[in-house]
Amino acid sequence: IQHELNRLYMAIEQAAEVIMITDARGNIQYVNPSFFRVTGYNREETIGRNVSFLKSGEHDSEFYNKFWKTISSGEVWKGQFRNRRKDGSLFIEETVISPIREEGDEISAYVAIKKDITGEIDFQDQLAHSQKMQAIGQLAGGVAHDFNNMLTGIMTASLMLKKRVHDDEKLMKYISIIDQAVERSADLTKNLLNFSRKQPLALNIIDLHNCILNSVKLLRSTTDKRIFISTDLYPGCSTVIGDTSQIENSILNLGINASHAIDGEGAININTDKVSFDSRDCEENVFDIEPGRYIHLSIIDDGCGMDALTMNKVFEPFFTTKIKSKGTGLGLSSVYATIKQHKGTLSVNSEVGRGTEFHLFFPMVNENEIDVKTETLGEFSEKEEGCILLVDDEELIRKAIRDLLIDSGYEVLVAKDGEMALEMFKANMDTIDLVILDLIMPKMSGINCLKAMREIHPLIKVVIETGYMTEDKVNQLKVLGIQGIINKPGTVQEIQSAIKDAMNRIV
């Protein structure tokens, strides 16, 4: 019997779950060592105390009344408690409480088996948030694609209008207003595409510390002089593969938000250090990251801070705590997307009245690990001539770009979908020098149309026109040997430059 008792005692003492025994009034009579690990209290601080000392204040009186009514009636209670550790932090425990009866069927004690599930709950919340962000991103990408089509038509038509009314000062003023509106709208869609990860990156080997210093220089010139901005960057290599513009914009966004959170005097601290993530760290992270060395960038302010509800929504597009004239709610969502595109991760900690901390992690590389390849382009021809097949399902874009190309000296054939384009290409392939091909069209997609044209004429030069582009799609198009990409809404200079590059590229 003593042997059995000893084995039972050792099993309870070494159980990973918390095991607690209380009397009928809830006074603690026994807890196993797991209790001390989870709560931070020692045996002397625990035995004899009522379990109420663990209360977090997160549950109302009705919750506890139902709980006590269940167990005092002799039934087993199952549920979750949100309790408070010795250090003040909250934790969530999944609990099963059973009554212990002595002779006469009277309840003399309770035994509780508890499991700390705080990490699991946090991970589930992060995963749900990540899935929601992905769904919103897909929606944003679709909206931006259609919007970019319209902007391209407006931008190109505006240029053609300028050429015809350039002597009319009043009309030119109105056209200038149109151009400014298009430019601002294009910036908005760029943010949407960045959030949805449909904006291609201009990846290069860059020094992250240079990006930080450039951003801080601009930040100091635009923020309240009463806000002290400090940097503490570790010495040595800070090389990453990234898009300088997007990283600097992310740092600026976080810095500007930090300055807005400070009322009067305050401080913003921007620091870096090096950390390593192992396979376990990567598995527990909701971001798709790989084990290795990372540069940790922290941006910390002593401003007003955020409550839990705000923190849960802070990276959602169009969510903002600012008044309508002060923000679109796309700044932090762009930061979120940039970090994902750079195969990094991020986190945020904040408390009302105690400031906010943003932590960004970028994969670190050595310059000798990167093989940078460059493409050789042919020389530009001085004269703009040749025959171009323009393929786009948007009539507004077809008309505007057709007039632009004709005005530039090109002969232009126009098709409204992939099937029509293929037929025109078959009939005129000896005279067509370049195809401008929209990527997303009904009946036949741009990709399938390109493949079919390549089978007919393997060396035909093709420029893809698109409102957004995933990295996978870019790689697929490179394999198919395209000569360029026009991102909608492209400026006239960008369109003309892409055409010139393609016409003179050696294939």
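**Lys 343 and the loop after H10**

I began with Lys 343, which I found in the loop between H10 and S11. In this predicted model, Lys 343 has a positive phi of about 60 degrees although the residue is not a glycine. I noted that the two elements on either side of this loop, helix H10 (331-341) and strand S11 (345-350), are among those that give two or more residues to the largest nonpolar core, and I went on to that core next.

**The nonpolar cores**

I looked up the largest nonpolar core and found that it has 41 residues, with Ile 268, Ile 270, Leu 297, Phe 315, Leu 346, Leu 360 and Phe 362 having the most contacts inside it. Besides H10 and S11, the elements that give two or more residues to this core include helix H6 (208-222), helix H7 (244-260), strand S9 (266-277), strand S10 (292-301) and strand S12 (356-363). Apart from this core I recorded another, of 26 residues, to which Val 391, Val 435, Ile 447 and Ile 460 belong, among others.

I then followed Leu 297 outward and, leaving aside neighbours within four places in sequence, listed its contacts as Ile 212, Ile 251, Ile 270, Asn 271, Thr 272, Phe 358, His 359, Leu 360 and Phe 362.

**Ser 238**

I turned to Ser 238, which lies in the loop between S7 and strand S8 (239-242). Is Ser 238 buried or exposed? Ser 238 counts as buried, because its relative accessibility is 1%, and the cut-off for buried is under 20%. With neighbours within four places in sequence left aside, I found Ser 238 in contact with Ile 206, Asp 207, Leu 208, His 209 and Ile 295. I also checked Asp 273, which is 35 residues from Ser 238 along the chain, and read a separation of 9.4 Å between the two C-alpha atoms.

**Thr 46 and the loop between H2 and H3**

Moving to the loop between H2 and H3, I looked up Thr 46, which is found there, and noted that Thr 46 is buried, with a relative accessible area of 0%. Its contacts, leaving aside neighbours within four places in sequence, are Ile 28, Val 31, Phe 35, Phe 36 and Tyr 41.

**Aromatic pairs**

I searched the whole structure for aromatic pairs and obtained 12. One of them is formed by Tyr 41 and Phe 53, edge-to-face, at 5.0 Å centre to centre and with 80 degrees between the planes. I placed both residues in the loop between H2 and helix H3 (61-72), 12 residues apart. Tyr 41 counts as buried at 13% relative accessibility, and Phe 53 is buried as well, with a relative accessible area of 17%.

I next took the pair of Phe 67 and Trp 68, which is edge-to-face at 5.3 Å centre to centre, with 65 degrees between the planes. In this pair Phe 67 is buried, with a relative accessible area of 7%, whereas Trp 68 counts as partly exposed at 29% relative accessibility. Both residues belong to one aromatic cluster, formed by Phe 63, Tyr 64, Phe 67, Trp 68, Trp 77, Phe 81 and Tyr 110.

From that cluster I picked out Phe 81, whose place is in strand S3 (residues 77-84), and I recorded Phe 81 as buried at 5% relative accessibility. Not counting residues up to four places away in sequence, Phe 81 touches His 59, Phe 63, Tyr 64, Phe 67, Phe 91, Ile 92, Glu 93, Thr 95, Ile 97 and Lys 114. I checked the spacing of Phe 81 and Phe 91, which are 10 residues apart in sequence and 8.2 Å apart in space, C-alpha to C-alpha.

**Cavities**

How many cavities of 30 Å³ or more does a search of the whole structure find? I found 2, and the largest has a volume of about 40 Å³. The residues that line the largest cavity are Val 18, Met 20, Phe 35, Val 38, Thr 39, Leu 54, Asn 83, Phe 91, Glu 93 and Lys 114. Strand S1 (18-23), helix H2 (33-39) and strand S4 (90-101) are the elements that give two or more residues to this lining, and H2 gives the most, with 3 residues. By residue type, I divided the lining into 6 nonpolar, 2 polar and 2 charged residues.

**The whole chain**

I closed with the totals, in which the secondary structure comes to 15 helices and 17 strands and buried residues make up 45% of the 507 residues in the chain. Among contacts between residues at least 6 apart in sequence, I read that 66% join residues at least 24 apart.

How values were computed
Residues numbered from 1 in each chain as written. Predicted model: local features only at pLDDT ≥ 70, side-chain atom pairs only at ≥ 80, totals over all residues. Heavy atoms only, no water. Core = buried A, V, L, I, M, F, W, Y, C linked by side-chain atoms within 4.5 Å. Buried < 20%, exposed > 50% of the residue type's maximum accessible area, 1.4 Å probe, protein only. Helix = DSSP H or I, 4+ residues; strand = E, 2+ residues; numbered from the N terminus. Contact = heavy atoms within 4.5 Å. 1 Å grid on protein atoms, 1.4 Å probe; cavity = no way out; pocket = protein on both sides within 12 Å on 5 of 7 lines; lining within 4 Å. Points joined across faces, edges and corners; volume = space filled by probe spheres on them. Nonpolar A, V, L, I, M, F, W, Y, C, P; charged D, E, K, R; others polar. Phe/Tyr/Trp six-rings, centres within 6.5 Å; stacked < 30°, edge-to-face > 60°.
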